[in-house]
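This briefing covers a protein model with bound ligands. Please look at the sequence and the structure before reading the points.

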Amino acid sequence: MASSSEQRSSDPASQEMIEHAAACGFELAWDRYEAMLPQCDFGKLGICCRNCSMGPCRIDPFGEGAQRGICGATADTIVARNLARATAAGAAAHSDHGRDITHALLLTARGKTEGYKINNEKKLRKLASEFGIETADKDLKVIATEVAELALADFGRQEGELRLVSRAPEPLQKKWRQLGVTPTGIDADIVRVMHATHIGVDTDPLHLMKTLIRTALSDGWGGSMYATDFSDVLFGGPEPIRSHANLGVLRPEAVNVVVHGHEPTLSEAIVAAAQMPDIRKEAQDAGADGIQLSGMCCTATEILMRHGIPVAGNFLQQELALATGAVDAMVVDVQCIMPAIADYGKRFSTRLISTSKKAAFPGIKHMVFDEEHALTSAKELLREAIEAFKERDPKEAVVPDVVEELIAGYTVESIFTTLGGTYRPLFRPLNHGIMDGRIRGVAGVVGCNNVKITHDWGHVEMVKELIRNDVLVLQTGCAATACAKAGLMRPEAAEQYAGKGLQEICDAVGISPVLHVGSCVDNSRILLACVEMVKEGGLGDDISELPVAGAAPEWMSEKAISIATYVAASGIFTVCAEPFPVMGSKIVREYLTGGMEDDLGGMLAFERDPIAAAHLMIDHINKKRAALHLSEMMYEAREPVESEAVPAK
Ligand code: SF4
Ligand code: MSK
């Protein structure tokens with residue numbers, strides 16, 4: 001029997017649509033998961049290899065059958081190679097996104113894009129000075145060209161160190177150099193993994209760990225960081241902004257356009273085009289009450305942060321949004337797009353359109369978007385949606401009346417001004433709050449949804465437990481959307497859920513206890529927030545000394561493997577729910593969950609129960625507080641707020 005809607009999701013809007021989908025006979029990711037059971041244990045343990053055509057080979061985990069592949073590779077080698085390849089795929093996804101944004105900046109500086117301009121001169125000038133570019137008397141476009149060219153050179157760098165490595169605290173840079181994991185060039189580091197994992201190359205599991213860590217670091221301190229920096233330069237640095245989240249943001253009376261995927265280049269153009277008088281008039285002439293733009297997955301967070309565009313949902317809600325029958329167009333680019341969404345193009349008048357030259361989907365119309373004709377392409381896409389609206393059967397539209405308010409738009413820069421004021425921007429109130437025992441520490445809770453864990457439950461329960469214990473939480477991506485929908489990103493959430501000390505800080509500076517810091521690539525903002533905490537002083541000399549921790553309570557993608565690895569390799573204890581597929585190798589498992597801490601100050605842990613995972617993080621934060629000789633916490637932790645969520649499967 002299929003699991004219930006409450007077992008599938010803890011979010012009421014999703015529960016309603018899961019039931020609606022079942023009544024309509026629509027197949028969802030949860031149905032496909034349950035049809036897939038039991039899943040392959042060799043795959044889960046990471047002990048199958050398909051790296052050459054003598055295989056596939058698999059190792060018997062009980063020690064009775066084959067203990068080596070045909071070439072002689074052991075379980076340790078196979079697990080390490082598989083994990084390295086997954087890390088490289090994740091790093092490649094973020095970094096290719098970063099490359100595209102950098103390239104879009106270069107094209108804009110050369111006057112070759114339509115509708116884009118440099119929106120954040122201050123950040124561009126700051127980057128130029130960091131890169132050692134002379135800016136006096138130079139045109140802004142010349143500065144942008146030089147900055148973008150230097151950044152693009154980092155993707156193809158063949159020797160030396162990535163430019164942004166210098167942003168890390170000196171002791172961390174030293175550890176990376178000593179271990180030999182300092183990233184060289186973003187593309188070269190990814191290629192190195194693919195070469196090293198070919199049959200007959202690197203078979204030492206611990207040596208492979210270094211290769212994968214280097215690649216993950218080239219994502220966190222390279223590709224992702226460039227994606228964040230140049231999105232801010234091109235589209236503007238986010239500031240705290242109010243908006244709404246959940247499926248209830250869809251308006252049946254309007255032309256509903258959902259942008260889904262990751263790269264902000266197209267969605268920014270769609271935001272601009274949707275406000276143009278000719279497009280608005282066309283929507284009105286079609287009988288619609290305007291165009292309702294909303295977002296899904298990380299594209300949602302990009303346009304939420306900069307324009308306050310509402311969020312329709314996170315990863316496991318993409319099919320649910322379409323099942324409403326109220327979406328006229330879902331426009332997708334890259335990453336986290338389920339090919340299954342094609343089904344809804346057959347069922348409704350909904351237009352499903354893929355726009356990236358890198359990604360096409362069977363059954364989905366491919367209309368390649370390029371930055372040189374951004375506005376023209378965006379208008380074309382909106383016209384498709386207006387046509388679909390005309391064909392839509394209003395009787396078929398079922399939209400859950402569930403929506404929550406939120407505040408998003410926190411960045412390192414905006415946290416500075418929020419904490420210290422426009423004229424006195426600083427991180428001191430945060431460090432002081434930690435030192436005097438009002439705030440226990442800071443946690444980054446990020447990542448996806450996963451059908452193996454009740455949707456949103458892992459995120460929301462973990463975050464409530466953390467803030468109840470006075471841990472300030474920073475979030476990105478689908479994790480942020482989960483907590484926004486649960487009302488944790490409203491300032492009132494401090495009074496409702498946070499411990500007394502955290503509440504006092506939130507009240508004093510006017511923030512919620514859970515801060516939305518952007519999309520998956522914006523995890524780089526969390527790294528840089530840690531750098532600023534170190535620089536502010538009083539909490540040690542390296543990130544690994546800070547009372548901070550990270551978590552991915554519902555992760556699923558290879559990108560999450562890269563993120564968790566670079567966060568841990570930057571000195572941060574990081575808990576992932578679903579174990580990495582490394583349980584088939586004692587050497588790899590023990591390195592990631594132990595030995596890595598000796599080398600780099602941070603390590604991974606695997607724990608599916610979000611409350612138990614939160615306590616691993618709290619224990620770690622307490623340990624770091626004790627090592628820094630910080631004062632006792634000012635108040636006892638708050639009593640738990642009764643949860644209505646069902647336990648995870
Ligand atoms: Fe088997 Fe070795 Fe080939 Fe992998 S590389 S499939 S372990 S023979
Ligand atoms: S979108 S990578 S499901 S967070 Fe970035 Fe969400 Fe994970 Fe995709």
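The points below cover the domains, the two ligand shells and the cysteines.

The model is predicted. Its chain is assigned four stretches as domains: domain 1 (5-58), domain 2 (75-235), domain 3 (247-396) and domain 4 (411-627). Ligand 2 lies between domain 3 and domain 4, because both give residues to its shell.

**Domains**
- Between the C-alpha centres of domain 3 and domain 4 the distance is 32 Å.
- Their contact involves 16 residues of domain 3 and 20 residues of domain 4.

**Ligand 1**
- The second largest cavity is where ligand 1 sits.
- Cysteines around ligand 1 include Cys49, Cys52, Cys57 and Cys71.
- Other residues surrounding ligand 1 include Asn51, Met54, Gly55, Gly69, Ile70, Ala73, Arg81 and Ile199.
- The shell of ligand 1 divides into eight nonpolar, three polar and one charged residues.

**Ligand 2**
- Cysteines around ligand 2 include Cys297, Cys298, Cys336, Cys448, Cys478 and Cys520.
- Also among the residues around ligand 2 are His262, Phe315, Gly447, Met556, Ser557 and Lys559.
- By class, ligand 2 is surrounded by eight nonpolar, three polar and one charged residues.
- Cys336, one of the residues around ligand 2, has 19% relative accessibility and therefore counts as buried, the cut-off being under 20%.

**Cysteines and disulfides**
- How many disulfides does the structure hold? The number is zero.
- A disulfide is a covalent bond that joins the sulfur atoms of two cysteines.
- Why does Cys506 not form one with Cys483? The sulfur of Cys483 is the closest cysteine sulfur to that of Cys506, but at 14 Å it is too far for a bond, since a disulfide needs the two sulfur atoms within 2.5 Å.
- Cys506 has 2% relative accessibility, so this residue counts as buried.

Definitions and conventions
Residues numbered from 1 in each chain as written. Chains lettered and ligands numbered in written order. Predicted model: local features only at pLDDT ≥ 70, side-chain atom pairs only at ≥ 80, totals over all residues. Heavy atoms only, no water. Buried < 20%, exposed > 50% of the residue type's maximum accessible area, 1.4 Å probe, protein only. Near = heavy atom within 4 Å. 1 Å grid on protein atoms, 1.4 Å probe; cavity = no way out; pocket = protein on both sides within 12 Å on 5 of 7 lines; lining within 4 Å. Sits in = over half its atoms within 2 Å of the grid points. Nonpolar A, V, L, I, M, F, W, Y, C, P; charged D, E, K, R; others polar. Domains from an automatic or database assignment. Contact = heavy atoms within 4.5 Å.
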